[in-house]
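Got your viewer open and a selection box ready? Here is a short walk through the model, stop by stop.

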Amino acid sequence: MITLFVTAFLVQAAFFIAAIMIDRHLWRRHIEAKEREWNAERKDLLDRIQAPNFGEYTRKVVLEKKLEQPPDERERPPEFIS
């Protein structure tokens, strides 16, 4: 009877430890994603502050957005000339 109680207690303890470890892992992933988001916002704010004027900042942002997008079909040179 005692061994059954001890076994049940150990299984329950292992379950709770596993649940706590999974929760910590999910929380860590959430915080890392938030930190990446905050760092991107901080970089944007630093770029705004350090830009000599708004036009220079806008030019930089437009250039970065253009580099992130895949090239269009129109912009690629033709593969062959007939």
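Start by selecting Glu-56 and Arg-59: their side chains meet in a salt bridge, with N to O at 2.7 Å. (A salt bridge here is a side-chain nitrogen of Lys or Arg within 4 Å of a carboxyl oxygen of Asp or Glu.) Both residues sit in helix α2, 3 residues apart, about one turn of the helix. Helices are DSSP runs of H or I with at least four residues, strands are runs of E with at least two, and both are numbered from the N terminus. Glu-56 is partly exposed at 33% relative accessibility, and Arg-59 is partly exposed too, at 49%. The cut-offs: buried is under 20% relative accessible area, exposed is over 50%, and partly exposed is in between, using a 1.4 Å probe and protein chains only.

Before moving on, some housekeeping. This is a predicted model, in which local features need pLDDT of at least 70 and side-chain atom pairs count only at pLDDT 80 or more, while totals for chains, interfaces and linings use all residues. Residues are numbered from 1 along each chain as its sequence is written, and side-chain values use heavy atoms, with hydrogens and water left out.

**Next: the two helices**

Select residues 2-50 for helix α1 and residues 54-68 for helix α2. How do you describe two packed helices? By the angle between their axes and the distance between the axes. Here the axes come within 9 Å and cross at roughly 145°. Those axes are lines fitted to C-alpha atoms, for helices over the stretch in contact, with angles running from 0 to 180 degrees between N-to-C directions. The crossing of α1 and α2 is right-handed, meaning that the near helix is turned clockwise from the far one by less than a right angle; anticlockwise would be left-handed.

To see what touches, pick Lys-43, Asp-44, Asp-47 and Arg-48 on α1, then Tyr-57, Lys-60 and Glu-64 on α2. Contact means heavy atoms within 4.5 Å. Colour that set by residue type and you get 1 nonpolar, no polar and 6 charged. (Nonpolar covers Ala, Val, Leu, Ile, Met, Phe, Trp, Tyr, Cys and Pro; charged covers Asp, Glu, Lys and Arg; the others, Gly among them, are polar.)

**Zoom in on Asp-47**

What does Asp-47 touch, not counting residues up to four places away in sequence? Tyr-57 and Lys-60. With Lys-60, Asp-47 forms a salt bridge, the closest N and O atoms being 3.3 Å apart. Asp-47 lies in helix α1 and Lys-60 in helix α2, so this pair ties together parts that are 13 residues apart in sequence. Is Asp-47 buried or exposed? Asp-47 is buried, at 16% relative accessibility, whereas Lys-60 is partly exposed at 35%.

Now add Lys-43 and Glu-64 to the selection: together with Asp-47 and Lys-60 they are linked in a network of salt bridges.

**Along α1: Arg-48 and Asp-44**

Arg-48 forms a salt bridge with Asp-44, and the closest N and O atoms are 3.6 Å apart. The two are 4 residues apart in helix α1, so about one helical turn separates them. Arg-48 is partly exposed at 49%, as is Asp-44 at 27%. How many salt bridges does the structure hold? It holds 5.

**Last stop: the rings**

The structure holds 2 aromatic pairs. Select Phe-54 and Tyr-57: their ring centres are 6.1 Å apart and their planes are at 45°, so the pair is tilted. Rings of Phe, Tyr and Trp (its six-membered ring) pair if their centres lie within 6.5 Å; planes under 30 degrees apart are stacked, over 60 edge-to-face, and the rest tilted. Being 3 residues apart in helix α2, Phe-54 and Tyr-57 are separated by about one helical turn. Turn on the surface to finish: Phe-54 is exposed at 64%, while Tyr-57 is buried at 10%.
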